[in-house]
Amino acid sequence: MTPAARLAAAASVLDSIAHSRQPAEVVLKAWGAANRYAGSGDRRAIADRVYKVIRARGRLVWAMGGREDGRALVIGSLSLIDGLPLEEIERLHSGDGYGPRPLSKQERSRITAEPGELPGWVAAGLPEFVVEDFKITFGDRWTEEAHALMAPRAPIDLRVNSAKTTVAAVEAELRAAGLAPQRTPWSAWGLRLAAEPAPDVQAMDIFKQGHIEIQDEGSQVACWLAGVEAGMTVVDYCAGGGGKTLGLAMQGQPVVTKAPKAQAEAAPVAAWSPVGGDDAAPQPKPKAKPVEITSTIRLFAYDVVQKRLDNIRPRLARAGVNADLRLLGQNGGGVEDLVRQADVVLVDAPCSGSGAWRRRPEDAWRLKPSEIERMHALQVQILDRASALVKPGGRLVFITCSMLRGENEASAAAFEENHPEFAPVPIAEALNSPNLTDAARERLGAMAEGHRLRLSPASTGTDGFFAAVYERTA
Ligand SMILES: C[S@@+](CC[C@H](N)C(=O)[O-])C[C@H]1O[C@@H](n2cnc3c(N)ncnc32)[C@H](O)[C@@H]1O
């Protein structure tokens, strides 16, 4: 494809993304599948342009006089981001071949106009209502937080599975594969890989054998705040894709102190048959001598979407850990046998996902204030229901991967008002897990506001997360 044809394609993909709820990555893949003539270099150039535009969208819409279509945004990006002179942009818009049609008079005048002073939210690259929220939370630091949240090239974090191997062994494997892992600062089981060149982690043997999972360090910290110990009954109330379920389940297995000898491993077989045995992890045909999963905890993973629970099964099997996967009724039914029984209930509530915008910047422009209100109401309802499962003296951990007060502080405050039978647990106390580093105890402890903790790309180098920890006193 010519450079001009790539620009036309990027504009068309941007229009598709604007009319879709799918991740940009999925829309780009679909475009590639439907346009087989595009080679890998073309697809890469188109993707680069698309992400460049999405990350600068606020500024580009502003510069192009409020136009939001892909063509206008691409033209704006050539001028504002790439700094191309007008003649060069005109050359790329000659209308020849598969390239975009010539610039209109209005488009030409937009890219030659003096930009003037940009409103703060435009410069920050986030919707205005988000910036207003950030100013309250972060004060003078809000621009730093905004830029880090929308910055490209978020790293890839791995969680080493302590039930199967050691951090040092995984580090050695990654180095042997030509990668340069760094230990993560807060999670004792985390390793960080640079985003580029993109490592194909899922193709690696250590991934296929369940020695590692891809999990942002912030999500790992959330798992460790739960304070899971042997003998506990643990509920993951919003299990979703199972990221936290696996982290919780790992804490029910003895910690391996030596690296495994051979690569070929036995298929796992569940030893503990959980309540609702139909949902027990699948029992793949053993390839070799079976390994027993002797979990020291009883872990129940709930979700309202069966398909999400189904997707957790192979992940559990690969990791050699166990959980009872249970479908929750839309009215909260299906938990009756666990009322006031759980030592730990983790509520990783549905939210805007704004903490992960550095990975999915397109979502920033899809979010509307009404969605935050809807999420808040849902979170308060879920916390009401989930808290009923916590036994006296047990712990409730409320997590979101949101950066926004309407979902974080507002939902925590509503829960606290409705449930005086729950007392706040200081984060400093919850950080007292062997899965966290000394640096986490010191620095995250200092960052916490009592029983509430906020993680973010700018402050902790993780995705954005919010956690609030409680204990049932009556
Ligand atoms: C943030 S996601 C969970 C992510 C997951 N814990 C992980 O670490 O991969 C929230 C989940 O809550 C589920 N959910 C939505 N409404 C719910 C409800 N009323 N009760 C429980 N879970 C609900 C959604 O299906 C979604 O999977």
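This is a short tour of a protein chain and its ligand, with a suggestion at each stop for what to select.

Before you start, keep in mind that the model is predicted.

**Stop 1: the two domains.** Select residues 3-118 and give them one colour; this is domain 1. Then select 217-472 for domain 2 and pick another colour. How far apart are the C-alpha centres of domain 1 and domain 2? They lie 40 Å from each other.

**Stop 2: where the domains touch.** Now look for the places where your two colours meet. Here, 7 residues of domain 1 are in contact with 5 residues of domain 2. On the domain 1 side, the touching residues comprise 4 nonpolar and 3 charged ones, with no polar residues.

**Stop 3: a pair of helices.** Select residues 40-55, which form helix H3, and residues 70-80, which form helix H5. Their axes come within 10 Å and cross at roughly 90°. An angle from 65 to 115 degrees counts as roughly perpendicular, so that is how H3 and H5 are described. Next, show the side chains of Arg49, Lys52 and Val53 on H3, together with Leu73, Val74 and Ser77 on H5: these residues make the contact. Sorted by class, this contact has 3 nonpolar, 2 charged and 1 polar residue.

**Stop 4: the ligand.** Finally, select the ligand and the residues around it. How many residues are there around the ligand? There are 17, and Cys238, Gly240, Gly243, Lys244 and Asp348 come nearest. Try colouring this shell by class: you will find 8 nonpolar, 5 polar and 4 charged residues.

Methods
Residues numbered from 1 in each chain as written. Predicted model: local features only at pLDDT ≥ 70, side-chain atom pairs only at ≥ 80, totals over all residues. Near = placed C-beta within 6 Å. Nonpolar A, V, L, I, M, F, W, Y, C, P; charged D, E, K, R; others polar. Domains from an automatic or database assignment. Contact = placed C-beta atoms within 7 Å. Axes fitted to C-alpha atoms, helices over the stretch in contact; angles between N-to-C directions. Helix = DSSP H or I, 4+ residues; strand = E, 2+ residues; numbered from the N terminus. Parallel < 35°, antiparallel > 145°, perpendicular 65-115°, else oblique.
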